[in-house]
Amino acid sequence: MKKAVIEFADFGFQYRAQKEPTLHGITLTITEGEKVLIVGPSGSGKSTLAHCINGLIPFAYSGEMTGSLRIMGQEQQEMSIAELSDRVGTVLQDPDGQFVGLTVGEDIAFRLENDAIPQAEMLEKVNAAAIAVDIHEFLSSSPQELSGGQKQKTTLGGVLVGDVDILLFDEPLASLDPYTGKKAIELIDRVQREGGTTVIIIEHRLEEVLHRAVDRIIVMDEGHIVADLPAAELLSADLLRNVGIREPLYLTALKYAGCSITPDINPQHIDDVRLDEYAGKLKVWYENNNIQPTSLEYPPLLELRNVTFGYEKNRPVLQELTLRIGKGEMLSIAGRNGAGKSTLSKLICGFYRPTSGTIWMNGRDIGPDSIKERADRIGFVMQNPNHMISKTLLYDEVALGLILRGASVEHIRERVHAILKVCGLYAFRSWPISALSYGQKKRVTIASILVLEPEIIILDEPTAAQDYRHYNEMMEFLLTLVNQGMTVMMITHDMHLMLEYAQRTIVLAGGVKLADDSPERVLGDTEVVRSANLKETSLFTLALRSGLDQPSEFVRRFIAYDRRVRGR
Amino acid sequence: MKANMLTFTKQDSPIHRLTGATKLIIFVVWSVAAMITYDTRCLAVMLVFSLFPFILSKVKFRDYAFVLSLILLFFLLNQLAIFIFSPLEGVRIYGSRHDIVHLAGRYTLTWEQLFYQFNIALKYAVVLPMALLFLLTTDPSEFAASLNRLGVNYKIAYSVSLALRYIPDVQRDYENISFSAQARGIDISRKEKLSRRVKNIISILMPLILTSIERIDKISTAMELRGFGRKTKRTWYKTRPFSSQDYIALGLIALIAIASTVITFYDGSRFYNLFEPN
Amino acid sequence: MRSLGKQKVLSIKTIVAIGIGSALFVILGRFGSIPSGVPNTNIETTYALLALFALLYGPVAGLLIGLIGHTLKDAIFYGSPWFSWVIASGLVGLIIGLLTSRISIHDGEFGKRELIRFNLAQIAANAVAWFIVAPVLDILIYAEPANKVFTQGLIAGAANIVTVAIIGSLLAVAYAKTRTKQGSLSREA
């Protein structure tokens with residue numbers, strides 16, 4: 001029998017500052033060499049559970065523990081954080097926070113340096129770890145030169161050098177584009193098989209993690225373990241939806257087509273699902289659900305004509321870019337890191353001026369307009385709400401832009417209250433912002449832009465770092481804005497978001513426009529998908545595997561149907 | 001942006017090959033020696049000497065051209081300020097007075113003042129090549145290890161490394177924050193009234209500081225989990241053993257520093273006096 | 001979360017605060033100077049930051065952020081550190097940190113008393129550093145004329161005192177507000 005490496009027995013934990021325990025009656029055993037996925041919505045206690053395993057509880061976050069937790073047979077409370085970190089290696093969510101070295105090599109060596117390992121031995125171990133995570137060609141690169149995926153590889157390398165027994169990944173997909181995320185899952189899988197290490201992955205993106213098999217999935221909700229099952233069984237049960245975890249899209253499609261999901265059809269991976277007679281059912285569903293797309297004509301609002309721009313001479317970030325955004329449209333801009341997505345929005349807002357080419361709004365060249373003048377018509381919401389919030393009270397934050405524009409007190413109050421109602425924040429109007437959740441803060445920043453009544457609002461990764469429920473709320477909220485006539489442009493590499501909400505997707509690669517089409521067709525184009533670091537959606541694969549001749553159309557019909565179902 | 005600051009570029013030269021610790025020691029000893037002495041002869045010899053490694057290092061002019069122009073401007077302003085505030089400082093120091101030309105009011109140009117300000121110029125000029133050289137040829141990665149080798153507590157040495165690591169990130173945060181602030185109409189230029197400007201500065205500083213505090217929490221958590229500070233000593237990935245060249249360089253610098261100090265204080269004053277008392 | 005940094009002299013949090021604080025000092029020192037309206041005198045926001053970090057993370061952090069931040073700023077952007085002022089910056093951080101060590105701002109406690117205490121501390125720190133230490137060092141190291149360096153010190157010190165009094169205080173109050181207990185909040189209709 002395999003040795004137990006982590007044993008929770010009737011374990012509970014309550015943070016010092018909180019009234020209620022965050023974890024209740026956790027009983028869970030993880031054995032040597034297992035690969036376990038822990039899912040749950042935000043606030044379910046999954047991160048707290050991780051903190052108990054790696055020792056951040058109680059060393060960084062104090063509180064009260066009940067019951068028992070044993071790591072490698074030893075009671076956690078009797079171990080120091082140093083002893084724990086010898087056994088458990090953690091890869092944290094934020095790659096920039098964990099990457100402390102000036103170069104890749106130094107960062108991987110960090111652990112060994114702290115253990116005062118002689119330099120010669122250190123060089124050898126760092127090399128070995130760098131090769132294991134495939135980052136050895138970048139040993140002398142600085143973090144500023146690396147992509148998110150490369151930073152994460154470095155971080156993993158830095159954990160592997162420590163020869164730990166347990167690898168803990170805290171939301172490893174959060175800051176990666178779809179393709180890099182897929183590669184990260186493959187890397188984790190390879191490392192686990194080669195080293196025989198116990199792996200624990202905390203994530204809410206179930207479908208993406210299941211790209212490689214896991215032994216068990218533990219579902220957490222409100223501080224309890226609500227399921228502990230192999231993937232196939234969990235996916236066959238009707239539990240995920242209740243806790244706000246999104247099941248793989250291909251399974252939703254199968255369910256819509258009236259196919260029952262059972263463990264013996266291998267529901268855990270799109271390539272392994274036994275379709276057999278289900279293919280026929282899918283075809284029938286496909287043919288019966290021909291919801292005609294409502295093709296709308298949008299009058300042009302914003303236009304870029306032959307825009308070229310570079311931060312340095314002779315190194316253009318955008319080249320001869322021409323695109324048009326219609327009034328009332330909701331569109332997304334995709335592309336891998338460095339493709340010029342954020343530069344594009346900064347040009348539109350006037351933070352930089354194009355080297356050549358022009359930007360037009362409502363048929364007028366806005367080249368001469370200042371940042372402030374543009375801001376009256378173009379709103380820009382940054383990815384990280386903390387970069388925008390400068391006031392301590394919600395009301396003041398939203399009112400700020402109007403105050404700066406010299407509006408009257410009554411007018412301000414009226415506008416702010418109206419916007420807060422639109423954004424669902426009215427009930428919190430006298431709250432300090434620090435008391436709000438991340439998603440609410442994001443909404444505050446959107447409100448603070450909307451209050452200026454822009455004609456178009458540009459959002460950088462509107463749903464980053466949010467779980468499915470909050471993703472849903474945010475996007476439905478944006479949709480109501482669009483329905484009221486707002487134009488929304490989203491910079492994102494979230495493919496679900498693109499598929500479900502964007503009417504059009506523009507793909508940038510190397511500073512040029514690679515595609516400009518409906519998201520389902522963009523995601524059906526292998527060449528575009530590859531160069532933009534996107535990933536084929538599993539719906540597309542499902543359609544192919546079922547022998548449907550127009551996979552993109554299947555995807556479109558699924559999204560339209562799903563929208564109606566969820567809208568009810 | 002990058003052209004406006006001094007950064008290390010990887011190159012091969014005898015100076016680049018010296019270890020970071022050697023260069024740090026040389027820089028510190030050199031700066032201290034130049035601070036102590038006011039002896040014109042010593043300063044002149046040191047200046048000439050400091051140009052040798054500078055040529056040897058093959059650093060490119062464009063790598064420091066912008067910074068050099070800033071320094072020269074600062075130099076000039078400072079010289080002007082000294083004269084405006086104290087036109088007879090030289091006379092006081094050297095105890096003699098040889099007028100060249102009377103300018104206006106209390107301003108008379110004297111040979112003593114000219115010589116005194118020449119000495120100040122020399123004093124800055126002596127430090128400059130070594131400082132530039134140190135910054136342009138030392139791999140930042142070697143920095144912390146070098147400080148530690150010089151006896152600085154390794155944790156403090158590491159905080160210097162962290163500062164270098166996160167300067168670009170903090171700069172990016174600052175740019176993002178001030179961009180989005182500008183888009184909401186937050187202006188900190190002269191166009192705004194002073195009181196408004198101060199309020200607007202807060203609107204930029206507050207998010208910057210709060211995100212930085214959050215960053216501090218994240219980084220310290222990560223470092224805790226990776227065993228930082230668990231032992232009383234620490235080894236370094238990027239460190240090199242001293243070679244014979246290092247010892248030669250260190251020996252030379254020690255000689256120069258001692259010689260200059262001895263010469264300076266030989267006659268009981270920091271100042272070399274050209275002038276006959278009158 | 002445990003109280004930040006103050007309990008152990010060189011805790012990891014203090015070390016990281018020194019690193020990030022120094023990086024902030026460099027960036028604000030370079031880009032965060034705002035014209036004050038008085039000729040040749042700028043609002044150096046970086047000293048408001050230094051004062052706040054000394055208050056948050058203690059005297060050792062204050063000292064080292066001043067020393068390291070100022071050295072790096074001078075070195076990276078101006079070629080060589082101006083040691084007399086580097087030492088003065090360190091001293092500002094040290095003194096503010098020492099004199100405010102009993103304010104527990106992390107618990108959201110920053111009322112009138114704390115505000116006065118913080119400002120007395122910063123006035124003392126800036127006065128010692130810029131009115132005395134920096135000019136004296138300028139004279140000792142660079143043999144600059146006394147009236148020049150004392151005038152410069154007076155202007156810089158006064159400007160920094162005003163900067164910290166306004167910007168530093170506002171930042172501290174705002175920070176304290178983000179730390180207040182949230183138990184009493186309820187939604188309004």
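A salt bridge is a side-chain nitrogen of Lys or Arg within 4 Å of a carboxyl oxygen of Asp or Glu. With that in hand, welcome to a set of close-up views of a predicted model.

**Figure 1. Chain B meets chain A across an interface with seven salt bridges.** On one side, 48 residues of chain B take part, and they are in contact with 58 residues of chain A. Together the two chains bury an area of about 5,000 Å², and carbon and sulfur atoms give 55% of it. Look for Arg184(B), Arg226(B) and Tyr237(B): in chain B, these lose the most area to chain A, together 23% of what that side buries. Between the two chains you can also find 27 residue pairs in polar contact.

**Figure 2. Three helices of chain B each give two or more residues to the side that touches chain A.** They are helix 7 (140–149), helix 8 (154–183) and helix 9 (194–225). Which of the helices gives the largest share of this side? Helix 8 of chain B does, with 16 residues. Sorted by kind, the residues on this side of chain B divide into 19 nonpolar, 13 polar and 16 charged.

**Figure 3. Arg230(B) and Asp115(A) form a salt bridge between two chains.** The closest N and O atoms of this pair are 3.2 Å apart. Asp115(A) sits in the loop between helix 5 and helix 6 (119–132) of chain A, while Arg230(B) sits in the loop between helix 9 and helix 10 (244–266) of chain B, so the pair joins two chains. Is Asp115(A) buried or exposed? Its relative accessibility is 18%, so Asp115(A) counts as buried. Arg230(B), with a relative accessible area of 27%, is partly exposed.

**Figure 4. Asn114(A) touches a run of residues from chain B.** Asn114(A) belongs to helix 5 (residues 104–114) of chain A. Leaving aside neighbours within four places in sequence, Asn114(A) is in contact with Arg226(B), Gly227(B), Phe228(B), Arg230(B), Lys231(B), Lys233(B) and Arg234(B). Two names here may look familiar: Arg226(B) is among the residues of chain B that lose the most area to chain A, and Arg230(B) is the salt-bridge partner of Asp115(A). Asn114(A) counts as buried, because its relative accessibility is 2%.

**Figure 5. Glu142(B) and Arg240(B) link distant parts of chain B.** Their side chains meet in a salt bridge of 2.7 Å, N to O. Glu142(B) is in helix 7 and Arg240(B) in the loop between helix 9 and helix 10, and the two are 98 residues apart. Glu142(B) is buried, with a relative accessible area of 9%, whereas Arg240(B) is partly exposed at 28%.

**Figure 6. Salt bridges also form within chain A.** Glu247(A) pairs with Arg241(A), their closest N and O atoms being 3.7 Å apart. Glu247(A) is buried at 10% relative accessible area, but Arg241(A) is exposed at 54%. Elsewhere, a network of salt bridges links Lys35(A), Lys183(A), Glu186(A), Asp189(A), Arg193(A) and Arg212(A). Over all chains, the structure holds 56 salt bridges.

**Figure 7. Ala156(C) is a buried residue of chain C.** Find Ala156(C) in helix 6 (residues 146–178) of chain C. Its relative accessibility is 16%, so Ala156(C) counts as buried. Phe131(C) is 25 residues away from Ala156(C) along the chain, and their C-alpha atoms are separated by 8.6 Å.

Technical notes: Residues are numbered from 1 along each chain as its sequence is written. Chains are lettered from A and ligands numbered from 1 in the order in which they are written. This is a predicted model: local features need pLDDT of at least 70, side-chain atom pairs count only at pLDDT 80 or more; totals for chains, interfaces and linings use all residues. Side-chain values use heavy atoms; hydrogens and water are left out. Contact means heavy atoms within 4.5 Å. Buried area is the accessible area (1.4 Å probe) that two parts lose on being put together, summed over both. A polar contact is a pair of N or O atoms within 3.5 Å; within protein, one must be able to donate a hydrogen and the other to accept it, and residues adjacent in sequence count only if both atoms are side-chain atoms. Helices (H or I, at least four residues) and strands (E, at least two) are DSSP runs, numbered from the N terminus. Ala, Val, Leu, Ile, Met, Phe, Trp, Tyr, Cys and Pro count as nonpolar, Asp, Glu, Lys and Arg as charged, and the others, Gly among them, as polar. Buried means under 20% relative accessible area, exposed over 50%, partly exposed in between (1.4 Å probe, protein chains only).
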